[in-house]
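Here is a friendly walk through a protein and its ligand. Have the sequence and the 3D view at hand as you read.

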Amino acid sequence: MMTGERDQALSALQWLIEQGADEAIEPAPIDRTRAQPAPQKAKPPPPPAPKRPEPPLWEPPPTPLESTEETLGTARHLAAEADSLEALKAALDAFEGCALKQTATNLVFADGNPEAKIMMLGEGPGAEEDRQGLPFVGASGQLLDRMLHHIGLDRSSVYISNILFWRPPGNRTPTAGEIAACLPFVERHIELVAPDYLVLLGGTPAKTLLARSEGILRLRGRWRPYQHPGLARPIPALPTLHPAYLLRQPAQKRLAWRDLLSLQQARLSGTDPLAKPAP
Ligand code: URA
């Protein structure tokens with residue numbers, strides 16, 4: 001190597017060291033200014049073949065979907081077998097025929113005093129009722145408590161439930177099938193409590209239990225007999241406005257107030273509101 005070449009090579013080496021290239025990795029230098037062949041990647045090993053699951057020795061036969069008739073038959077059977085409120089609640093816990101159960105957090109059975117003379121039935125649990133597993137504990141329940149207070153009642157002197165035992169998702173209107181699936185349990189519930197008076201809060205319980213098609217504004221305020229083969233005698237039932245409706249339409253509270261006074265009068269006088277007045 002000529003002296004000039006050697007000096008050039010040394011100054012190139014010096015420059016590389018200054019740039020931080022202070023270690024020889026390959027035996028021959030790589031000219032990065034030319035295209036390099038793509039480095040050969042090691043092929044990953046093929047994934048292991050999936051293991052075939054061992055066939056089970058025995059499998060239960062797939063459960064056939066129950067028809068509506070079968071669901072109602074199951075509901076009637078379970079409800080009829082229940083000979084106490086605890087048994088009825090357990091029967092509902094075991095019942096899989098109402099689709100609402102799948103989306104609800106809790107079964108909402110009842111609150112209040114089962115020995116009370118007055119049984120109140122609403123439509124179905126809302127969000128708060130679903131969370132707590134108790135009926136009428138949200139905003140409309142608080143209004144109901146205030147209404148009861150005005151006629152000297154509270155949850156120790158009434159028994160409260162709904163005609164649906166699970167919350168419809170998003171508080172949507174229940175379907176006829178959902179109401180029908182719960183109805184045998186509601187009917188048995190009324191039989192077991194055997195109240196002197198029924199108060200039906202809103203159109204859905206009123207129409208369902210009295211088999212009427214009119215709206216609640218027509219039905220409310222008039223006592224009608226609730227009849228069922230399991231009852232020794234018809235129970236006087238008073239349809240009235242639902243507290244949730246009163247929260248939206250406070251001017252209608254005066255109608256609900258009239259209905260409460262009618263309930264109060266029947267309870268305090270002990271008279272049968274279904275009896276025809278003497279001519
Ligand atoms: N509305 C009902 O009808 N029932 C409840 O339990 C709560 C709100």
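A residue is called buried when its relative accessible area is under 20%, and exposed when that value is over 50%. By that definition, Phe 165 and Trp 166 are both buried. Please keep in mind that this is a predicted model.

These two residues also meet through their rings. Phe 165 and Trp 166 make an edge-to-face aromatic pair, with 6.3 Å from centre to centre and 75° between the planes. Together with Phe 109, they form one aromatic cluster. Across the structure there are four aromatic pairs.

Now let us turn to the ligand. Which pocket does the ligand take up? The ligand occupies the space of the largest pocket. Its surroundings consist of Gly 122, Glu 123, Gly 124, Glu 129, Pro 135, Phe 136, Ser 140, Asn 162 and His 242. Sorted by class, this shell contains five polar, two nonpolar and two charged residues.

Some polar contacts of the ligand are listed here.

| Ligand atom | Protein partner | Distance |
|---|---|---|
| oxygen | Glu 123, polar backbone atom | 2.8 Å |
| oxygen | Phe 136, polar backbone atom | 2.9 Å |
| nitrogen | Asn 162, side-chain N or O atom | 2.8 Å |

How much of the ligand's accessible area does the protein cover? On its own, the ligand has 230 Å² of accessible area, and the protein covers 92% of that. Glu 123, Phe 136 and Asn 162, the partners in the table, each belong to the set of residues around the ligand.

Conventions. Residues numbered from 1 in each chain as written. Predicted model: local features only at pLDDT ≥ 70, side-chain atom pairs only at ≥ 80, totals over all residues. Heavy atoms only, no water. Near = heavy atom within 4 Å. Polar contact = N/O pair within 3.5 Å; in protein donor to acceptor, adjacent residues only side chain to side chain. Areas by Shrake-Rupley, 256 points an atom, 1.4 Å probe, with all protein chains shown as cover. 1 Å grid on protein atoms, 1.4 Å probe; cavity = no way out; pocket = protein on both sides within 12 Å on 5 of 7 lines; lining within 4 Å. Sits in = over half its atoms within 2 Å of the grid points. Nonpolar A, V, L, I, M, F, W, Y, C, P; charged D, E, K, R; others polar. Phe/Tyr/Trp six-rings, centres within 6.5 Å; stacked < 30°, edge-to-face > 60°. Buried < 20%, exposed > 50% of the residue type's maximum accessible area, 1.4 Å probe, protein only.
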